[in-house]
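Here's a quick tour of a fold, going from one residue out to the sheet, the cores and a helix. Have the viewer open while you read.

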Amino acid sequence: MAETETLTLDEIEALAFDALIRAGATEANARPLARATADTEADGVASHGLAYIPIYCEHLACGKVDGSAVPRITRPRPGLVVADAGTGFAHGAIAAGFEALIPAAREQGIAALAVRESYNCGVLGVHTRALAEAGLLAIGFTNAPASIAPSGGKRPAVGTNPISLAAPDGEGGTALLIDQSASTIAKSEIMKHAREGLPIPEGWALGPDGQPTTDPEIALKGSMAPSGGYKGVGLALMVETMAAAMAGATLGMDASPFSGTKGGPPRTGQFFIAIDPAASSGGAYAERIGRLVTEIRDEPGARLPGDGRRAMRRRGARDGVAVSRATLDRIRAI
């Protein structure tokens with residue numbers, strides 16, 4: 001079993017922040033990403049947490065991301081906010097965009113944020129949850145470099161393209177959190193298995209010949225298996241439409257990889273819709289979402305999306321998070 005070290009969430013944030021600063025990011029760029037890294041580790045999604053910090057630092061060094069970028073926020077319409085990330089980290093651009101999105105959604109009942117010239121936003125649910133904690137129902141989309149082939153094809157055309165919905169509980173928390181990619185598994189999990197020299201389960205990915213493979217290196221040269229076959233491809237296309245076409249960002253098929261130093265900035269995008277549930281439901285939202293959640297939780301053996309992360313966050317805040325010592329060594333060497 002791999003050796004681990006237990007860190008508090010504050011220690012995780014500080015470790016990520018210091019590494020990003022040493023790699024050349026400004027404090028304004030490093031802080032939102034470091035905070036999201038701690039949130040991600042608290043959620044138990046280790047593949048997107050501290051394990052990604054060396055990649056972020058590598059991309060600062062090679063120019064795939066601008067560590068000094070200052071997001072430019074515009075309001076082309078009353079209900080629409082646009083954040084140009086300037087090829088910087090997505091996290092700072094999203095945070096800046098939310099500062100305008102949240103009051104706009106509260107005032108008008110609904111508003112949207114389009115983010116372009118962006119980068120990997122990490123776990124999408126971290127961002128939608130922030131909107132839910134502000135009392136708004138949030139739907140988020142983010143596109144990624146192409147890694148899923150269309151139905152009947154072999155060449156990747158769209159990314160794993162996550163979609164997320166976070167529903168507020170009316171008490172400053174989240175009643176429901178759905179966060180899923182269009183692929184059977186996130187590509188970062190394939191990358192993690194490749195780094196560790198471990199095989200992947202059959203059904204996660206296809207080789208360049210379009211056939212299933214358990215070799216992560218071959219998988220990374222092929223394509224990700226879409227979740228639910230053609231339905232997963234449809235979901236990926238939906239996200240591509242929102243996060244790339246609607247946001248004015250780069251299509252996944254034209255974006256540089258989120259791993260390695262090949263290519264320049266990926267210039268991908270995100271799109272968020274924030275809705276005031278009181279405005280749309282005629283006051284019925286709290287009762288309806290409460291009943292839905294309660295019915296599912298009361299069913300023996302049933303699991304509600306987001307409950308696993310919620311339990312992990314409570315445990316992480318109380319006991320800390322076990323982090324791979326190998327990951328920590330890579331970060332401390334930066």
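A residue is called buried when its relative accessible area is under 20%. Keep in mind that this is a predicted model. S147 has a relative accessibility of 4%, so it counts as buried. Where does S147 sit? You'll find S147 in the loop between β5 (137-142) and β6 (163-168). Leaving out residues up to four places away in sequence, S147 touches P156, V158, G159, T160, K187, S223 and M224.

**The sheet**

Both strands flanking that loop belong to an open sheet of seven strands, ordered β2-β3-β4-β10-β5-β6-β7, with mixed pairing. The edges are taken by β2 (72-77) and β7 (174-180); each has a single partner strand, so one side of each has no neighbour in the sheet. On average, neighbouring strands here are turned by 15 degrees against each other, ignoring direction.

Take one pair from the sheet: β4 and β10 run antiparallel and are joined by seven bridges. Within that pair, A111 has A274 in β10 as its bridge partner. Helix α4 (residues 90-108) packs on the sheet, where it touches β2, β3 (80-84), β4 and β10. The direction of α4 makes about 165 degrees with that of β4.

**The cores**

In soluble globular proteins, nonpolar side chains tend to be buried together. Here are the two cores to look at:

| Core | Residues | Some members |
|---|---|---|
| Largest nonpolar core | 33 residues | F141, I190, F271 |
| Another core, apart from it | 29 residues | L7, L20, C57, V323 |

Which members of the largest core touch the most other members? They are F141, I190 and F271. At least two residues of this core come from each of β4, β5, β6, β7, α8 (230-245), β10 and α10 (285-298). Helix α8 supplies the largest share, six residues. Setting aside neighbours within four places in sequence, F141 is in contact with residues including L124, I163, V239, M242, F271 and I273.

**Helix α1**

L20, listed in the second core, is also one of the buried residues of α1, alongside I12, E13, L15, A16, F17 and A19. Residues three or four places apart in an α-helix point the same way, because there are 3.6 residues a turn. The cover over the buried residues of α1 includes β1 (4-7), α2 (27-42), α3 (53-62), β11 (321-324) and α12 (325-332).

As for its span, α1 (residues 9-22) has 14 residues and reaches 20 Å from first C-alpha to last, close to the 20 Å expected at 1.5 Å a residue. Just after α1, G24 has a positive phi of about 115 degrees.

Key:
Residues are numbered from 1 along each chain as its sequence is written. This is a predicted model: local features need pLDDT of at least 70, side-chain atom pairs count only at pLDDT 80 or more; totals for chains, interfaces and linings use all residues. Side-chain values use heavy atoms; hydrogens and water are left out. Helices (H or I, at least four residues) and strands (E, at least two) are DSSP runs, numbered from the N terminus. Buried means under 20% relative accessible area, exposed over 50%, partly exposed in between (1.4 Å probe, protein chains only). Contact means heavy atoms within 4.5 Å. Two strands pair if DSSP finds at least two bridges between them. Axes are lines fitted to C-alpha atoms, for helices over the stretch in contact, and angles run from 0 to 180 degrees between N-to-C directions. A nonpolar core is a set of buried Ala, Val, Leu, Ile, Met, Phe, Trp, Tyr and Cys residues joined through side-chain atoms within 4.5 Å. The expected span of a helix is 1.5 Å times one less than its number of residues.
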